[in-house]
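Trainee: Got a minute? I'd like to go through this one with you.
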Amino acid sequence: MSLIITKQSSPKRTNSLTFYLRKLNNAIWFLVAWGLLITFWELFVYLGWLNGQILPPPSVTIPYAFSGNAAIGFGQQHTSLIESLMVTLMRVSGGLFCGSAVALVLSISMIELRFCRRLIFPLVQTLAPISPVAWIPFTIAVIGIGGQAAIFIVFIAVVTTMTLSFMAAIDGINSQYINIAKNLGCGRWKMWYRVRLPAIAMSTLTSLRMAFFGAWMAVLAGEMAGINSGLGYMIIMAQQMFNMPLVMVGILTIGFVGFIIDRLLLILGHSLARWGI
């Protein structure tokens with residue numbers, strides 16, 4: 001009996017070991033890639049192939065990032081790296097949540113009500129190709145230069161693309177799932193919770209990851225273009241004051257924070273895979 005149990009559990013242990021080895025391999029290559037980049041960056045500055053005043057080497061940038069001096073401005077306009085990052089993250093999360101929620105409501109309305117699809121879908125298709133950056137002058141003129149303007153830019157960047165993604169995913173659901181659910185007496189709202197939403201869970205998370213990158217770039221562009229706070233604003237102010245170490249720290253922060261959030265969304269996607277069809 002114990003032999004049978006051992007044989008049954010062995011494939012699971014092998015799969016688990018393979019999974020962790022693959023993750024470890026990816027982590028090692030990630031560190032190797034960044035190690036080579038930092039090495040060559042430092043070497044090229046040392047050899048004079050790169051201007052160290054414009055592109056500070058890692059030996060300057062990395063200690064500066066942890067020195068506690070990564071800040072810009074005076075008086076009420078003084079802002080640190082952490083404060084700017086938190087402001088930007090709050091704007092992105094607020095705009096991303098509102099945009100995704102409205103996109104889901106619009107998608108449900110267009111599926112349930114045919115006239116809504118005929119009325120709303122052409123507008124969404126027309127507005128989706130417009131870059132969020134193009135909305136910045138309009139947003140500043142109408143809303144102003146505060147945090148609401150940045151959230152609105154993220155909202156615009158997310159709502160149209162997520163609506164198209166939701167509609168494509170819902171239209172791609174196998175009709176057999178819908179027919180079987182109807183034959184089993186599944187009601188309208190139960191159909192959404194039990195069939196449609198689980199069926200689009202994975203594709204929705206992929207679309208959400210792409211929407212996050214769009215929102216992340218949109219809010220930073222807005223902060224650089226005239227919204228006087230946040231990580232993008234800090235980078236522009238550092239550039240104007242020729243504080244290039246702070247510019248590089250800000251740029252690297254954008255990349256690493258974006259990478260971490262993308263990994264968290266990927267983990268969330270694996271969790272939702274158990275719910276999906």
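Mentor: Sure, we'll take the overall fold and then two threonines. Keep in mind that this is a predicted model.

Trainee: OK. How many helices and strands does the protein chain have?

Mentor: The count is 10 helices and 2 strands.

Trainee: And in what order do the elements run from the N terminus?

Mentor: The order is α-α-β-β-α-α-α-α-α-α-α-α. The radius of gyration is 24 Å, well over the 19 Å that the globule rule gives for 277 residues, so the chain is more spread out than a compact globule.

Trainee: What does the C-alpha trace span along its principal axes?

Mentor: About 70 × 65 × 30 Å.

Trainee: What share of the residues is buried?

Mentor: Buried residues are 36% of the 277.

Trainee: What about contacts? Of those between residues at least 6 apart in sequence, what percentage joins residues at least 24 apart?

Mentor: That figure is 73%.

Trainee: Switching to the surface. How much is accessible, and what part belongs to carbon and sulfur atoms?

Mentor: The accessible surface comes to about 16700 Å². Carbon and sulfur atoms hold 69% of that.

Trainee: And charges? How many positive and negative side chains are there?

Mentor: There are 17 positive and 6 negative side chains. The centres of the two sets lie 21 Å apart.

Trainee: Now the threonines. Where is Thr 61 found?

Mentor: Thr 61 is in helix 2, which covers residues 58-65.

Trainee: Is Thr 61 buried or exposed?

Mentor: Buried. Its relative accessible area is 2%, and the cut-off for buried is under 20%, so Thr 61 qualifies.

Trainee: Which backbone oxygen lies 3.2 Å from a polar atom of its side chain?

Mentor: The one of Pro 56. Pro 56 is also on the list of residues that Thr 61 touches, once those up to four places away in sequence are set aside. The others on that list are Trp 41, Pro 245, Met 248, Val 249 and Leu 252.

Trainee: And Thr 163, which helix is that in?

Mentor: Helix 6, residues 147-171. Thr 163 is buried, with a relative accessible area of 0%.

Trainee: What lies 2.5 Å from a polar atom of the Thr 163 side chain?

Mentor: The backbone oxygen of Val 159.

Trainee: Which residues is Thr 163 in contact with, leaving aside neighbours within four places in sequence?

Mentor: Ala 103, Leu 106, Ser 107, Met 110 and Val 124.

Note on methods:
Residues are numbered from 1 along each chain as its sequence is written. This is a predicted model: local features need pLDDT of at least 70, side-chain atom pairs count only at pLDDT 80 or more; totals for chains, interfaces and linings use all residues. Side-chain values use heavy atoms; hydrogens and water are left out. Helices (H or I, at least four residues) and strands (E, at least two) are DSSP runs, numbered from the N terminus. Buried means under 20% relative accessible area, exposed over 50%, partly exposed in between (1.4 Å probe, protein chains only). A polar contact is a pair of N or O atoms within 3.5 Å; within protein, one must be able to donate a hydrogen and the other to accept it, and residues adjacent in sequence count only if both atoms are side-chain atoms. Contact means heavy atoms within 4.5 Å. The radius of gyration is taken over C-alpha atoms; the globule rule is 2.2 Å times the number of residues to the power 0.38. Accessible areas come from the Shrake-Rupley method with a 1.4 Å probe; for residues, only the protein chains shown count as cover. Lys and Arg count as positive and Asp and Glu as negative; His and the chain ends are not counted. The place of a charge is taken as NZ of Lys, CZ of Arg, CG of Asp or CD of Glu.
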